[in-house]
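Work through the following exercises with the sequence and the 3D structure beside you. Try each task before you read its solution.

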Amino acid sequence: MEQELDPQARVMNEDEEEPKQSKTQEFEMFVTLKKNKKGSLGFTMVRSKLDNCYYIRDVLDNPAKGDGRLRAGDKLITVNGFDVTNVSHEDAIDLLRSVPDKLTLMVGRAAQNLLLPPPLDKIPDIVIQRGPNGQLGKWHS
């Protein structure tokens, strides 16, 4: 399922000093989730040994699965405005567990050649007409 970019998403270059032919870009988006009845957010996270940041490991259940925006590999940047890029594992887990029913995450997603979708008025309409036999389109054998 294709997701639209959050209007609050920002695009930035990870490495602006060194020009490369193919740049990896990261966009940030805000995802607000309401804990389920069990108090779960529906995702697991892991801390990277490379940069010590937290990443979404798996999206297992609702509310994260039902929301559909979080993906494995998304970098966890803030939880309710609190920067979690440089906190201990215990502090990160405590923060996620102690927040009220609703929390807002800012996550970063790496993407190459990230482009915004074209405006709706620039996308041509597709018209499919019924043939004489009532079927849609033409069938070739």
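**Exercise 1.** Decide whether Asp67 is buried, partly exposed or exposed, and describe its surroundings.

*Solution.* Step one is to look at the accessible area: Asp67 counts as partly exposed because its relative accessible area is 26%, where buried means under 20%, exposed means over 50%, and partly exposed lies in between, with a 1.4 Å probe and protein chains only. Step two is to place the residue: Asp67 is found in helix H1, which covers residues 64-67; helices here are DSSP runs of H or I with at least four residues, strands are runs of E with at least two, and both are numbered from the N terminus. Step three is to list what Asp67 touches once residues up to four places away in sequence are left out, namely Val31, Thr32 and Leu33, a contact being heavy atoms within 4.5 Å. For Leu33, the separation from Asp67 is 34 residues in sequence, while the C-alpha atoms lie 7.7 Å apart in space.

Before going on, note that this is a predicted model, in which local features need pLDDT of at least 70 and side-chain atom pairs count only at pLDDT 80 or more, whereas totals for chains, interfaces and linings use all residues. Residues are numbered from 1 along each chain as its sequence is written, and side-chain values use heavy atoms, with hydrogens and water left out.

**Exercise 2.** Find out how many salt bridges a search of the whole structure gives, and describe them.

*Solution.* The search finds two salt bridges, each defined as a side-chain nitrogen of Lys or Arg within 4 Å of a carboxyl oxygen of Asp or Glu. One of them joins Arg69 to Asp67, with the closest N and O atoms 2.9 Å apart, and Arg69 is partly exposed, at a relative accessible area of 22%. Another joins Arg109 to Asp74, where the closest N and O atoms are 2.8 Å apart. This pair links distant parts of the chain, since Arg109 belongs to strand E7 (residues 102-112) and Asp74 to the loop between H1 and E5, 35 residues apart. Both Arg109 and Asp74 are buried.

**Exercise 3.** Trace how strand E4 pairs with strand E3 and with strand E5.

*Solution.* Begin with E3 (residues 43-47) and E4 (residues 54-59), which run antiparallel and are joined by five bridges; two strands are said to pair if DSSP finds at least two bridges between them. Within this pairing, Arg47 stands opposite Tyr54, and Val46 has Tyr55 as its bridge partner. Next, look at the connection: E3 and E4 form a hairpin with six residues between them, and Asn52 in the turn has a positive phi of about 60 degrees. Finally, turn to E5 (residues 75-79), which pairs with E4 in the antiparallel sense over two bridges, and here Tyr55 stands opposite Lys75.

**Exercise 4.** Is Ser48 buried or exposed, and what does its side chain reach?

*Solution.* Ser48 is found in the loop between E3 and E4, and it counts as buried because its relative accessibility is 16%. Its side chain reaches the backbone nitrogen of Leu50 at 3.0 Å. Leaving aside neighbours within four places in sequence, Ser48 is in contact with Cys53 and Tyr55.

**Exercise 5.** Describe the largest nonpolar core and say which elements supply it.

*Solution.* The largest nonpolar core has 22 residues, such a core being a set of buried Ala, Val, Leu, Ile, Met, Phe, Trp, Tyr and Cys residues joined through side-chain atoms within 4.5 Å. Strand E2 (24-34), E3, E4, E5, helix H2 (89-98) and E7 each supply at least two residues of this core, and the largest share, four residues, comes from E2. Among the residues with the most contacts inside the core are Leu33, Phe43 and Leu76. Leaving aside neighbours within four places in sequence, the contacts of Leu76 include Met45, Tyr54, Leu105 and Val107.

**Exercise 6.** Which element has the lowest mean pLDDT, and which the highest?

*Solution.* The lowest mean, 45, belongs to strand E1 (residues 10-13), and the highest, 92, to E4, pLDDT being the predictor's confidence in each residue, from 0 to 100. Over residues 1-22 the pLDDT stays under 50. Where pLDDT is low, the predicted coordinates should not be read in detail.

Notes: Polar contact = N/O pair within 3.5 Å; in protein donor to acceptor, adjacent residues only side chain to side chain.
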